[in-house]
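Trainee: I've got a structure open and I'd like to learn how to read it. Can you walk me through it?

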Amino acid sequence: MARFITLSRAARLVGVNRATLQKQIRAGDLSTFEGELDLSELLRVYPQTKLEDSAMIERADRLIERALNRVVRDQEGLPDAEVLATRIAAMSHELGTANYRMRRYDLFMQQLQDYLRKLAEPDVTLAHTDINALRTWLDESLQQLHSRIDDEGELYATDMLLRVMAAQVHLEPSGHEFIVHGNDSLLDSGLRAGLALDYGCADGSCGRCVAKLRSGTLKLVRKPRFRLSETDRAQGMNLMCCNTAVTDVVIEAVETPLPEQIELQQLQARVGSVERVEDDIAILSLRPADGARLRFFAGQSARLSSEGLSAEYAIASCPCDEHQLEFHVRDRDSDGFAKKLFSGMGLNQQVQVEGPRGDFVLDLDSLHPAIFLAWDTSFAPIKSLVEHAMALESAESLHLFWAHTQGELPYMHNRCRAWADALEIFHYAHMRVEPHVYSNDSDARETLATVLAAVAEPHFDVAAFDFYIAAPRNILDQCERYFTARGVPMAQLRMLEMAV
Ligand code: FES
């Protein structure tokens with residue numbers, strides 16, 4: 001009896017991301033039915049998946065423990081959180097395997113019924129051999145039933161436990177999916193998954209994140225100040241920033257697929273940290289004040305102002321990170337804001353942020369593998385794009401190439417290495433080049449050709465990739481000539497001109 005689960009759930013069960021499963025589906029290694037995967041099919045391709053191996057279970061145990069800690073802390077007479085967490089996990093597992101066993105026996109009884117019905121047909125004369133054949137069939141079927149329960153049943157039970165701990169949200173009409181952990185709001189979870197959900201205040205006062213519940217159960221986690229009308233409520237309208245998902249849910253929600261659909265915002269932020277990563281490069285981290293949050297697409301920029309000095313920088317953080325805005329600032333004489341930062345901008349100093357601007361963003365509809373090409377500090381918007389692409393889990397593979405003119409290693413080399421170590425689909429390479437590459441003479445062009453060959457040559461079909469390149473104009477021009485000559489369509493070349 002087939003038991004189907006969504007790609008998101010399958011990915012969590014076997015510990016890979018959705019893009020990996022999508023790649024296997026496209027290659028014909030995994031088959032699906034109406035976009036969902038059969039558990040036994042999943043087990044065939046990932047036979048090593050076992051309950052005790054699953055990091056998700058440990059995580060689920062921790063989540064139960066944390067949640068219960070809050071509930072039972074002050075109540076006497078209840079078992080402690082750890083005991084309850086263990087019991088919930090054990091009971092959920094028991095229920096899952098029992099449920100699975102029942103489904104298989106149900107199928108077995110149907111087959112037995114069909115068998116007996118055939119034997120009972122008027123023109124069949126029952127012989128001794130038929131009884132023996134029935135007995136053999138029963139023995140074999142029961143044996144198969146028991147042998148298949150072990151692995152597949154364990155997987156089924158694991159899925160049930162994960163359903164207790166985290167609900168899945170399916171968005172209409174886009175078909176996007178994301179997981180909601182604990183009491184997180186639908187809006188926070190969707191944004192963290194890299195989706196461009198429409199919202200305004202994120203605290204229940206504007207009504208802009210309204211979405212229609214089509215199936216499943218929601219629970220209020222924040223009291224909204226915005227009042228939905230009776231008619232809206234009767235139609236299943238709910239605010240995503242104020243509700244969490246109790247069960248798996250399907251909701252109709254507005255997503256904003258284009259950067260021009262996001263209006264210019266202004267907010268106050270405070271300096272959270274300033275890290276000097278090179279003599280003339282600093283990483284500035286800002287914390288938006290009063291829980292405010294800048295709505296932007298990865299790859300966009302914002303204008304920062306403080307004490308009459310202002311400059312525009314690419315945002316280096318992901319829109320899925322609601323707690324900070326990151327910028328990579330180079331010390332330049334022409335940049336008063338940078339001068340002030342390098343001469344000592346204090347922690348908690350107020351900075352006004354105005355943005356977002358720009359259209360150097362991910363193509364959200366593309367399933368192509370992506371190549372990101374950064375030059376020195378143009379890594380900032382590239383970092384934002386890479387983090388967003390990783391949160392979305394939709395690209396088959398991500399390749400980051402970073403050309404740098406300072407130091408042995410680029411200034412965030414360890415971060416890139418960590419991504420490559422943690423993610424099977426992420427590949428990273430860097431190349432040290434002489435600063436002369438930014439001039440426009442024949443030597444520079446030759447150096448650049450070497451860099452571009454290093455980017456393109458490892459890939460058999462470079463025209464199958466989406467390219468995201470941030471660099472000074474002369475580099476962009478040569479990139480365009482180089483990649484289009486190798487068959488990359490202009491629509492797959494996204495470029496941002498910036499000083500590095
Ligand atoms: S975003 Fe304003 S009410 Fe939800």
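Mentor: We'll go from the whole chain to one strand and its partners, and then to one loop residue. Keep in mind that this is a predicted model.

Trainee: What does the secondary structure of the chain come to?

Mentor: You'll find 13 helices and 21 strands. The C-alpha atoms fill a box of roughly 100 × 60 × 45 Å along the principal axes.

Trainee: What percentage of the 500 residues is buried?

Mentor: Buried residues account for 33% of them. As for contacts, take those between residues at least 6 apart in sequence: 69% of these join residues at least 24 apart.

Trainee: Now for one strand. How many residues of strand E18 are buried?

Mentor: The general idea is to count C-beta atoms: a residue is buried if 20 or more others lie within 10 Å of its own. In E18 (residues 398–404), seven of the seven residues are buried, so the strand is largely enclosed by the rest of the structure.

Trainee: Which residues sit on each face of E18?

Mentor: One side carries Leu-398, Leu-400, Trp-402 and His-404, while His-399, Phe-401 and Ala-403 are on the other. Both faces are covered, with all of these residues buried.

Trainee: Do E17 and E18 pair in the parallel or antiparallel sense?

Mentor: Parallel, over six bridges, with E17 spanning residues 370–375. To find the register, look for Phe-372, which stands opposite Leu-400 in E18. Then follow the chain from E17 through helix H10 (residues 379–392) to E18: this β-α-β crossover is right-handed.

Trainee: And how many bridges join E18 to strand E19?

Mentor: Seven, and E18 and E19 (residues 426–432) run parallel. Here Ala-403 is placed opposite Met-431 in E19. The chain gets from E18 to E19 by way of helix H11 (residues 413–422), in a β-α-β crossover that is right-handed.

Trainee: Let's try a loop residue. Where is the place of Arg-222?

Mentor: Look in the loop between strand E7 (218–220) and helix H8 (230–234). Burial is again a matter of counting neighbours: Arg-222 has 16 C-beta neighbours inside 10 Å, so this residue counts as partly exposed.

Trainee: What does Arg-222 touch?

Mentor: Leaving out residues up to four places away in sequence, Arg-222 touches Ser-185, Gly-204, Cys-241 and Cys-242. Take Ser-185 as an example: Arg-222 and Ser-185 are 37 residues apart in sequence, with 8.5 Å between their C-alpha atoms.

Conventions
Residues are numbered from 1 along each chain as its sequence is written. This is a predicted model: local features need pLDDT of at least 70, side-chain atom pairs count only at pLDDT 80 or more; totals for chains, interfaces and linings use all residues. Helices (H or I, at least four residues) and strands (E, at least two) are DSSP runs, numbered from the N terminus. A residue is buried if 20 or more other C-beta atoms lie within 10 Å of its own, exposed if 12 or fewer, and partly exposed in between; C-beta atoms are placed from the backbone. Two residues are in contact if their C-beta atoms, placed from the backbone, lie within 7 Å. Two strands pair if DSSP finds at least two bridges between them. A crossover is right-handed if, with the strands pointing away from the viewer, the path from the first strand over the helix to the second runs clockwise.
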